[in-house]
Amino acid sequence: MQKPQRPPRLVRPNSLRAWWLAARPKTLSAALMPIVAASAFAFTKDSFNWQPALLCILFATLMQIAANFINDLIDFRRGTDGAERLGPERACAQGWIKPIDMRIGIALVLFPACMVGLCLLPFGGLPLILIGLACVLFAFLYTALLSYCGFGDMLVYVFFGFVPVCCTYYVEAGDVLPEIFLLGAGCGLVIDTLLVLNNYRDRTTDRVAGKHTLIVIFGERFGSLFYFGQGLIGCACISGAFAFNGRWSALLPLLYIPFHIATWREMVRINQGRALNKILGKTSRNMILLTLLTALTAFL
């Protein structure tokens with residue numbers, strides 16, 4: 001006998017729940033992972049500094065929320081985020097938040113993000129201003145342009161991998177080691193599994209909407225292998241970065257692999273439809289696990 005589904009909880013317009021859902025909390029692990037990884041690596045070099053680390057976490061989290069708001073608004077304006085979408089319901093499309101209010105929300109999140117970024121200048125210098133401006137610019141360009149022509153994954157590698165990892169380590173340690181680039185590559189690859197899952201789920205509607213993601217271009221089979229391979233290679237890169245220090249604990253991040261494989265197998269079994277939304281939560285859970293394992297690697 002099939003278990004009856006619980007009716008969806010009503011969301012009042014402009015309520016705290018509406019804004020919380022628009023922030024897409026399941027994606028916030030993507031903001032935390034590179035900061036924690038870089039700070040953990042700095043700890044192994046006796047260079048950890050909690051003040052810039054905390055500022056980096058605040059900046060990354062606020063930018064992730066702002067990017068989610070921007071994505072919600074632009075997709076709604078382009079008419080590609082209506083009832084045909086299979087992903088978590090979007091605030092503007094559902095009428096929970098009016099577009100004018102979403103624009104105000106974007107500004108109210110970007111302003112403190114920029115203020116936090118300015119607080120990092122004593123630790124990293126004026127070049128951080130250019131990096132911060134690039135983060136804001138590409139938060140808009142991702143939804144408005146790059147995600148429609150197959151460059152979304154590349155953007156994740158840069159702004160969720162190399163940029164946050166290298167910048168976080170730099171503001172704490174004052175330099176950038178070769179291993180940091182390996183760590184940044186690993187974080188970018190693992191975090192991109194969230195985007196790949198979204199594109200895998202939405203491949204049919206994206207094709208109709210003219211959104212040319214890599215999965216739309218290369219097909220379903222590529223999408224499943226892309227998700228699988230990025231998780232494995234990314235985890236290996238993170239483990240390898242810590243292995244340069246000769247630590248046995250560098251093996252700890254590899255405990256992420258069985259969870260990743262189990263989630264991938266469930267994703268392939270479900271294959272399509274709204275049921276894939278639960279895989280989003282499990283992918284985020286796996287990333288949190290890898291983040292904790294990475295932090296533990298530094299302490300053991």
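This passage describes the overall fold of a predicted model and then some of its local features.

The secondary structure of the chain consists of 14 helices and 0 strands, and a reading along the sequence accordingly gives the pattern α-α-α-α-α-α-α-α-α-α-α-α-α-α. For a chain of 300 residues, a compact globule would be expected to have a radius of gyration near 19 Å, and the value computed for the chain, 19 Å, agrees with this expectation. Along the principal axes, the C-alpha atoms fill a box of roughly 50 × 40 × 35 Å. Of the 300 residues in the chain, 53% are buried, and among the contacts with a separation of 6 or more, 76% are between residues that stand 24 or more positions apart.

The surface and the charges were considered next. The chain exposes about 14300 Å², and 71% of this area is supplied by carbon and sulfur atoms. The chain carries 26 positive and 16 negative charges, and the mean positions of these two sets are 9 Å apart.

A pair of aromatic rings is described by the distance of the centres and the angle of the planes. The structure holds 8 aromatic pairs. In one of these, the ring centres of F138 and F159 are 5.1 Å apart and the planes stand at 35 degrees, so the pair is tilted. Because F138 belongs to helix α7 (residues 127-144) and F159 to helix α8 (residues 152-173), the pair ties together parts that are 21 residues apart in sequence. F138 has a relative accessibility of 28% and therefore counts as partly exposed, whereas F159, at 19%, counts as buried, the cut-off for a buried residue being under 20%.

Another aromatic pair, formed by F222 and F226, is stacked, with 5.0 Å from centre to centre and 25 degrees between the planes. Both residues are in helix α12 (residues 220-243), and because they are 4 residues apart there, F222 and F226 are separated by about one helical turn. F222 is partly exposed, with a relative accessible area of 28%, while F226 is buried, with a relative accessible area of 16%. In addition, F41, Y169 and F242 form one aromatic cluster.

The surroundings of L290, a residue of helix α14 (residues 277-299), were also examined. With a relative accessibility of 0%, L290 counts as buried. When residues up to four places away in sequence are not counted, L290 touches M33, V190, C235, I238, P253 and Y256. L290 and A37 are 253 residues apart in sequence, and their C-alpha atoms are 9.4 Å apart in space.

Finally, the backbone was examined for positive phi values. Most residues other than glycine have a negative phi. N14, a residue other than glycine, has a positive phi near 60 degrees; N14 lies in the segment before α1 (16-22) and is partly exposed, with a relative accessible area of 42%. For D46, which is likewise a residue other than glycine, phi is also positive and near 60 degrees. D46 lies in the loop between α2 (29-44) and α3 (50-78), and its relative accessible area of 74% makes D46 an exposed residue, since exposed means over 50%.

Methods: Residues numbered from 1 in each chain as written. Predicted model: local features only at pLDDT ≥ 70, side-chain atom pairs only at ≥ 80, totals over all residues. Heavy atoms only, no water. Helix = DSSP H or I, 4+ residues; strand = E, 2+ residues; numbered from the N terminus. Rg over C-alpha atoms; globule rule 2.2 N^0.38 Å. Buried < 20%, exposed > 50% of the residue type's maximum accessible area, 1.4 Å probe, protein only. Contact = heavy atoms within 4.5 Å. Areas by Shrake-Rupley, 256 points an atom, 1.4 Å probe, with all protein chains shown as cover. Lys, Arg positive; Asp, Glu negative; His and termini not counted. Charge placed at Lys NZ, Arg CZ, Asp CG, Glu CD. Phe/Tyr/Trp six-rings, centres within 6.5 Å; stacked < 30°, edge-to-face > 60°.
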